[in-house]
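Take a look at the fold below. How do its sheet and its core fit together?

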Amino acid sequence: MSLDFSEIILSIEERERKHLLSFNESDVSKRPSPDKWSKKEILGHLIDSASNNHQRFVRALLTDKLEFPAYTQREWVKSQNYTDEGWNQLVELWSSYNQHLAHVVAQVPSGKLTTPCRIGTNDVMTLEALIADYVKHMEHHLKQLSDGK
């Protein structure tokens, strides 16, 4: 099962990388409104998601149950000031991180997919559900990036 998720992540990365690189640098820096993220900030959020989930996936492999802190997304995005970073650099980082995550996910033995994981105060979910949620979350935000182009 984990190999399927690995293939899905790679498929998404392949499909989206070239598409994202076609975006105009000035367009991706603009916020649609003061309370909405720019495309750079959305992609930065996806990089943060990859980073946090990388830690979660690997740590879940090393324990019988995972307890991991919540991700405070607004604070993470604000503190890293993604708007001042180059779009191509952000796309390449997102792309590389997901290539690596696909590799990590492919290493998950089927017996570890049921490892219970609690993130912050959220309900416990299995490692398999956590991986599936990562993919769903990524697709959601990639659709946001494409809708405004």
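What follows starts with the sheet, moves to the helix across it, and ends in the core.

This is a predicted model. Begin with the sheet. It is open, has 3 strands in the order 1-2-3, and its pairing is mixed. Strand 1 and strand 3 (125-126) are the edge strands, each pairing on one side only.

Take the two pairings in turn. Strands in a sheet pair through backbone hydrogen bonds, in either a parallel or an antiparallel sense. Here strand 1 and strand 2 are parallel, with 3 bridges between them. Two residue pairs help to locate this pairing. Leu 66 sits opposite Cys 117 of strand 2. Phe 68 has Ile 119 of strand 2 as its bridge partner.

On the other side, strand 2 and strand 3 run antiparallel and are joined by 2 bridges. Pro 116 has its bridge partner, Thr 126, in strand 3. Strand 2 and strand 3 make a hairpin, with 5 residues between them. In the turn, Gly 120 has a positive phi of about 60°.

Now look at the side chains of strand 2. They alternate. Cys 117 and Ile 119 point to one face and are buried. Pro 116 and Arg 118 point to the other face and are not buried.

Helix 3 comes next. It lies across strand 1 and strand 2. Relative to strand 1, helix 3 runs at about 155°.

One residue of helix 3 deserves a stop: His 54. Is His 54 buried or exposed? His 54 counts as buried because its relative accessible area is 19%, and the cut-off for buried is under 20%. Its side chain makes a polar contact with the side chain of His 100, at 3.5 Å. Leaving aside residues up to four places away in sequence, His 54 touches Tyr 97, His 100, Leu 101 and Val 104.

Finally, the core. The largest nonpolar core holds 40 residues. Which of them touch the most other members? They are Leu 20, Leu 43 and Phe 57. The elements that give two or more residues to this core are helix 1 (2-21), helix 3 (39-61), strand 1 (66-68), helix 5 (87-106), strand 2 (116-119) and helix 6 (127-147). Helix 5 provides the largest share, 9 residues.

Phe 57 shows the packing residue by residue. Again leaving aside residues up to four places away in sequence, Phe 57 touches Leu 101, Val 104, Val 105, Leu 127, Leu 130, Ile 131 and Tyr 134.

Conventions:
Residues are numbered from 1 along each chain as its sequence is written. This is a predicted model: local features need pLDDT of at least 70, side-chain atom pairs count only at pLDDT 80 or more; totals for chains, interfaces and linings use all residues. Side-chain values use heavy atoms; hydrogens and water are left out. A nonpolar core is a set of buried Ala, Val, Leu, Ile, Met, Phe, Trp, Tyr and Cys residues joined through side-chain atoms within 4.5 Å. Buried means under 20% relative accessible area, exposed over 50%, partly exposed in between (1.4 Å probe, protein chains only). Helices (H or I, at least four residues) and strands (E, at least two) are DSSP runs, numbered from the N terminus. Contact means heavy atoms within 4.5 Å. A polar contact is a pair of N or O atoms within 3.5 Å; within protein, one must be able to donate a hydrogen and the other to accept it, and residues adjacent in sequence count only if both atoms are side-chain atoms. Two strands pair if DSSP finds at least two bridges between them. Axes are lines fitted to C-alpha atoms, for helices over the stretch in contact, and angles run from 0 to 180 degrees between N-to-C directions.
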